[in-house]
Amino acid sequence: MLVQSGKAANPCLIPIARAVNDSMPYHMLDLVSEASKAAGRALDQSVVAVMGASFLQDSGDPRNSPSVPVIESLRRVKQLRVHDPHLDEIAGIKTTKDVRKALSGADIAVFMVAHKEYQRLTASTLKRLMRSAVVVDGRNIFSPEKMHKAGVVYRGIGKRIIR
């Protein structure tokens, strides 16, 4: 609406912001691929847990969820798990409501939504539950320093890589 009503002013910020937001799921997939390689894991041989599928934190509304393109793109992995405490299904996949079940034995955890339940997870808990302990954080839930110290391969949007 703002763009259409202000065309005479040649607005460009809103469409650019929309394009950046729309590209974030694909940036997350790039981070998943990069983190997988850093851990020495073949993505197609990995167990991946997508953590959060709703559009907003602590809601059950899946409309316009950026998790959908991520889930769709990760269908080729060895095993795909989706956890969301507020949804029963998304993109044709039944979700689990048990966070430990989703993470147990997983190679890669992709945090798409900052549900409060995830904010209680620690780096040591993730390291203990997961097989390969690779975390891709799309919501700035975790400290890169704490993840690195615990031995977790960590990638996050806008975060520098700690080696």
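Which residues form one aromatic cluster? In this predicted model, the cluster consists of F111, Y118 and F142.

The structure holds two aromatic pairs. In one of them, F111 and Y118 meet edge-to-face, with 5.3 Å from centre to centre and 80° between the planes. Both of these residues are buried. In the other pair, the ring centres of F111 and F142 lie 4.9 Å apart and the planes stand at 75°, so this pair too is edge-to-face. The assignment follows because planes over 60 degrees apart count as edge-to-face. F111 takes part in the pair with Y118 and also in the pair with F142.

The location of the rings adds to this picture. F111 belongs to strand β5, residues 108–111, whereas F142 sits in the loop between β6 (134–137) and α7 (144–150); the pair therefore ties together parts that are 31 residues apart in sequence. F111 has a relative accessibility of 0% and counts as buried. F142 has a relative accessible area of 7% and is likewise buried, because the limit for a buried residue is under 20%.

From the aromatic rings the description passes to the nonpolar cores. The largest nonpolar core has 24 residues, and L74 and L80 are those with the most contacts inside it. At least two residues of this core come from each of α2 (13–38), β1 (47–51), α3 (67–73), β2 (79–83), β5 and β6. Helix α2 gives the most, with five residues. Leaving aside residues up to four places away in sequence, L80 touches V48, V50, I71, L74, R75 and I93. A second core, separate from the largest one, has 23 residues and includes V99, A102, Y118 and V135. Y118 is thus named both in this second core and in the aromatic cluster.

The backbone offers two further points of interest. Most residues other than glycine have a negative phi. A133, although not a glycine, has a positive phi of about 55°. A133 is found in the loop between α6 (123–129) and β6, and its relative accessible area of 1% makes it buried. N140 is also not a glycine and has a positive phi of about 55°. N140 lies in the loop between β6 and α7, the loop in which F142 is found.

Key: Residues numbered from 1 in each chain as written. Predicted model: local features only at pLDDT ≥ 70, side-chain atom pairs only at ≥ 80, totals over all residues. Heavy atoms only, no water. Phe/Tyr/Trp six-rings, centres within 6.5 Å; stacked < 30°, edge-to-face > 60°. Buried < 20%, exposed > 50% of the residue type's maximum accessible area, 1.4 Å probe, protein only. Helix = DSSP H or I, 4+ residues; strand = E, 2+ residues; numbered from the N terminus. Core = buried A, V, L, I, M, F, W, Y, C linked by side-chain atoms within 4.5 Å. Contact = heavy atoms within 4.5 Å.
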